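Trainee: I should like to understand how the descriptive terms used for a structure are justified. May we go through them one at a time?

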Amino acid sequence: MTSHVFHRDPRSAYPVAVRGEGCYLYDRDGKRYLDASGGAAVSCLGHSDRAVVQAIQHQLGVLAFAHTSFFTNEPMEALADMLIARAPESFDRVYFVSGGSEAIEASLKLARQYFIEKGEPQRRHVIARRQSYHGNTLGALAVGGNQWRRKQFEPLLIQASHVSPCFAYRGKDSSESDAAYAERLAGELEAAILELGRDSVIAFVAETVVGATLGAVPPVAGYFKRIREVCDRYGVLLILDEVMCGMGRCGTLWAFEEEGIVPDLVTIAKGLGAGYQPVGAVVATKKVYEAITSGSGFFQHGHTYLGHAAACAGALAVQQRLHADGLLARVKPLGALFENKLRAAFGSHPNVGDIRGRGLFWGIELVADRATKAPLDPALRVHARLKKEALAAGLMCYPMGGTLDGARGDHVLLAPPFIAEEAQLDECVDKLARALAAVLAGAAKQAAGPKQSVLG
Ligand SMILES: Cc1ncc(COP(=O)(O)O)c(C=O)c1O
């Protein structure tokens, strides 16, 4: 079949998705796929939520779009009210965009403008972390710390500094306590701030729980408390990127709730619209918002589809499902059950180095050797083969390579929908185990001799 679509990966032959029902997607040939990764941690309510679909249909019937430079709209106002009512007290305003990268771009510009309003125009540096992903637009890519994604665009990227991620499996010394590790990392951030100039940093940007590039890595206890202290010491804004880990994915509406701190800005997207509509947001504290309103009065930003009425109506219905219908409350117990199943199936697997996560957000890191934590040979492309093998078996999971440094390392990310039942968790574990066994057997054959290559 010829196609005129510029596909995400032109080398791939994608099945045509035609229908979604609950935890499953169906292709045109009638094949069924268990969506155990929510695409990329998006579809937290599964694929056919009637209440959400009806809310969007209703909104389209009355008002699809009214440009936000002329009007506000009811679903946008109601969604902002709902999010702020469930956010810590310091939060006051929501700036709605159409996805995660846009949310990050807006947060960076808002942070910069905050300091302009406050009369600190010399602040111009952003610090983020290596092995992070904040989106593919140029600003978001610049703060992101994934070498593989950044490399060829490097000359176009604004300057950003990167410090170590909080990645206990690989970054914490064996003799080090969580507290000492957190302290060391906070020290690294402080050193980076001082090197750039104590009053020249705008913001520190971090995923509360690292998603795509590390594979569901939660911070060690106390890490964000130390980070918050360092940010406060130097007047640096803390931007938490919860595009992937927020909106209930980790068991709490905001992933930072578990960290005992509150950021200055938080970005959300995937779980906000649950895939029913493209929507994202920057949630701002009163402090940041009031700096703008009591200064120039205008945030120098904007996109055509800001606060799109149908997108906000969809996200509002998602929020209602999470809260009024108790779906958020399912995440922790279901996540604990999932963790047990993952540990039982993969906990002593010779090629599984680490199983980590929170709520319904789990990562399995694959290694060549558990004792040394040596990664698999990147030439084997185990992550890519695992994605293909799992899909062939009717399982959507989210494997990724470059876990260590953008080039070496493999992990698989799992993010089942909050509506999953135990049967779907079992199906996920079972299909993943079989796909992994097939891929590792193929990789072992390939490693044994080039003539037997199974890479295809
Ligand atoms: C943490 C994080 N931030 C930002 C983004 C970018 O979001 P989008 O793909 O909607 O632009 C992603 C996407 O995976 C993400 O995981």
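Mentor: We may. Please bear in mind that this is a predicted model. Let us begin with strand E12, which is joined to strand E15 (residues 410-414) by five bridges, the two running antiparallel. Within this pairing, Glu-365 has His-411 of E15 as its bridge partner.

Trainee: What makes E12 and E15 a pair of strands, given five bridges?

Mentor: Two strands pair if at least two bridges are found between them. E12 and E15 have five bridges, so they meet the requirement of at least two.

Trainee: Which strand is joined to E12 by six bridges?

Mentor: That is strand E11 (residues 352-358), and E11 and E12 run antiparallel. Here Val-352 has Leu-366 of E12 as its bridge partner. E11 and E12 form a hairpin with two residues between them, and Gly-359 in the turn has a positive phi of about 60°.

Trainee: How do you know that both faces of E12 are covered?

Mentor: On one side Phe-361, Gly-363 and Glu-365 are buried, and on the other side Trp-362, Ile-364 and Leu-366 are buried. Accordingly, six of the six residues of E12 are buried. Strand E4 (residues 91-97) is also described as mostly covered, with five of its seven residues buried. E4 is joined by six bridges to strand E10 (residues 280-285), and these two run antiparallel. In that pairing, Arg-93 has Ala-284 of E10 as its bridge partner.

Trainee: Why is Cys-166 called buried?

Mentor: Its relative accessible area is 2%, and buried means under 20%; Cys-166 is therefore buried. Cys-166 lies in the loop between strand E6 (161-163) and helix H7 (168-171). Leaving aside residues up to four places away in sequence, Cys-166 touches Arg-129, Tyr-181, Leu-185, Val-217, Pro-218, Pro-219, Val-220 and Tyr-223.

Trainee: What is notable about the phi of Gln-131 and of Arg-381?

Mentor: Most residues other than glycine have a negative phi. Gln-131 is not a glycine, yet its phi is positive, at about 55°. Arg-381, also not a glycine, has a positive phi of about 50°. Gln-131 is placed in the loop between strand E5 (125-129) and helix H5 (138-143), whereas Arg-381 is found in the loop between E12 (361-366) and helix H14 (382-392).

Trainee: Is each of these two residues buried, partly exposed or exposed, and what makes it so?

Mentor: Gln-131 has a relative accessible area of 5%, under the 20% limit, so Gln-131 is buried. Arg-381 has a relative accessibility of 42%, which falls between the limits of 20% and 50%; Arg-381 therefore counts as partly exposed.

Trainee: Let us turn to helix packing. Why are helices H2 and H12 called roughly antiparallel?

Mentor: The axes of H2 (residues 50-62) and H12 (residues 309-323) cross at roughly 150° and come within 8 Å. Angles over 145 degrees count as roughly antiparallel, and H2 and H12 are therefore roughly antiparallel to each other. Their contact is made by Ala-51, Val-52, Ala-55, Ile-56, Gln-59 and Leu-60 of H2 and by Ala-309, Ala-310, Ala-313, Gly-314, Ala-317, Val-318 and Arg-321 of H12. The residues of this contact divide into ten nonpolar, two polar and one charged.

Trainee: What makes H14 oblique to H15?

Mentor: H14 and H15 pack at an angle of about 135°, with their axes 9 Å apart. That angle belongs to none of the ranges for roughly parallel, roughly antiparallel or roughly perpendicular, and so H14 is oblique to H15. In the contact, the residues of H14 are Val-382, Arg-385, Leu-386, Glu-389 and Ala-390, while those of H15 include Leu-432, Ala-435 and Leu-436.

Trainee: Finally, why are E1 and E13 called edge strands?

Mentor: The open sheet has four strands in the order E1-E2-E3-E13, with mixed pairing. Strand E1 (17-21) and strand E13 (395-396) each pair on one side only, as edge strands. E13 is joined by two bridges to strand E3 (residues 32-35), and the two run parallel.

Conventions
Residues numbered from 1 in each chain as written. Predicted model: local features only at pLDDT ≥ 70, side-chain atom pairs only at ≥ 80, totals over all residues. Heavy atoms only, no water. Axes fitted to C-alpha atoms, helices over the stretch in contact; angles between N-to-C directions. Parallel < 35°, antiparallel > 145°, perpendicular 65-115°, else oblique. Contact = heavy atoms within 4.5 Å. Nonpolar A, V, L, I, M, F, W, Y, C, P; charged D, E, K, R; others polar. Buried < 20%, exposed > 50% of the residue type's maximum accessible area, 1.4 Å probe, protein only.
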